[in-house]
Amino acid sequence: MKKLLAGGTLAVLAFGGMIAGAAPASAHTPEVNADCGWVDVSLRAYQQAKVTVVIDDKIAYEAEFSGQFAQKFDGLALDAPHEWTVTVDAYDGQDGVQFDWSESGSIEPCVEATPTPEPTPSEPPVTEPEPSEEPTVEPTVEPTDEASAAPIAEPSEEPSASPTPAAEEPPVLAATGATVGGAIAFAALLAAGGVALVWARKRMQNA
């Protein structure tokens, strides 16, 4: 009888130990909720672990924790889709990987994106071409068949005035006589001078 009681007690203790050992394992509770513009992560009953949160291929959070972890990641764009992944590396459990956990999901856009108005192309100002200055061409005067010279005056048929009578010249004879007398007087002076010159030379020689 005593042996049966002892055996039953050992069986109860062993079963209780199994339940106690399995209780911490079943207590690991990871949970992730995601909706328009946010991702909410809640991890409970972990002895020691490391959590990594990746949103749109970028690490939003990464750190070690003990016991529990809870954090909400909001501020995501409402008009664009998002991808998220939460990974838990639990250090307890068999071989350190028994209670590791990972989950991924996506968020659809909550509102329609407002289209960006396209800028209206501005028309360039119309510039009028400046008028080009044409060279001034002087008109060429072509010669005409008609004579350009002034007309030649034709002789007048009216009778010309009568010529004025010339003044009467003095008589030629009177002028001739006066001229001959002067010439004779001039010749006499020359002769007298010559005689005086000869006489002077002779006197000088005799002296």
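In this short talk I will go through the strands of this protein and then turn to one residue, aspartate 56.

Please keep in mind, as you look at the structure above, that this is a predicted model. Let me begin with the overall layout, where the protein has two helices and five strands, and where the order of the elements, taken from the N terminus, is α-β-β-β-β-β-α. Of the 207 residues in the protein, 13% are buried.

I would like to take strand 2 as our guide, because by the DSSP runs used here strand 2 covers residues 38-55, and we can follow its pairings one after another. On the side of strand 1, which spans residues 29-35, the pairing with strand 2 is antiparallel and is made over seven bridges. One of the pairs to look for joins valine 32 to its bridge partner in strand 2, valine 41. These two strands form a hairpin, with two residues between them, and glycine 37 in that turn has a positive phi of about 85°.

Now to strand 3, residues 58-74. Strand 2 and strand 3 run antiparallel and are joined by 14 bridges. If you would like to trace this pairing on the model, valine 39 stands opposite phenylalanine 73 of strand 3, while valine 54 has isoleucine 59 in strand 3 as its bridge partner. Here again we have a hairpin with two residues between the strands, and the residue in the turn with a positive phi, of about 55°, is aspartate 56.

Strand 2 also pairs with strand 4, residues 82-90, in the antiparallel sense and over seven bridges. In this pairing, isoleucine 55 has tryptophan 84 of strand 4 as its bridge partner.

That brings us to aspartate 56 itself, which sits in the loop between strand 2 and strand 3. Is this residue buried or exposed? The answer lies between those words, because aspartate 56 has a relative accessibility of 34% and therefore counts as partly exposed, given that buried means under 20% and exposed over 50%.

Which residues form the negative surface patch? They are Asp56, Asp57, Glu83 and Glu108, so by the rule for patches each of them has over 30% relative accessible area and no salt bridge. To close, then, aspartate 56 is a residue of the turn between strand 2 and strand 3, and it also belongs to this negative patch.

Definitions and conventions
Residues numbered from 1 in each chain as written. Predicted model: local features only at pLDDT ≥ 70, side-chain atom pairs only at ≥ 80, totals over all residues. Heavy atoms only, no water. Patch = residues over 30% accessible without salt bridge, like charges linked within 9 Å, V, L, I, M, F, W, Y side chains within 5 Å. Areas by Shrake-Rupley, 256 points an atom, 1.4 Å probe, with all protein chains shown as cover. Salt bridge = Lys/Arg side-chain N within 4 Å of Asp/Glu carboxyl O. Lys, Arg positive; Asp, Glu negative; His and termini not counted. Charge placed at Lys NZ, Arg CZ, Asp CG, Glu CD. Helix = DSSP H or I, 4+ residues; strand = E, 2+ residues; numbered from the N terminus. Buried < 20%, exposed > 50% of the residue type's maximum accessible area, 1.4 Å probe, protein only. Pairing = 2+ DSSP bridges.
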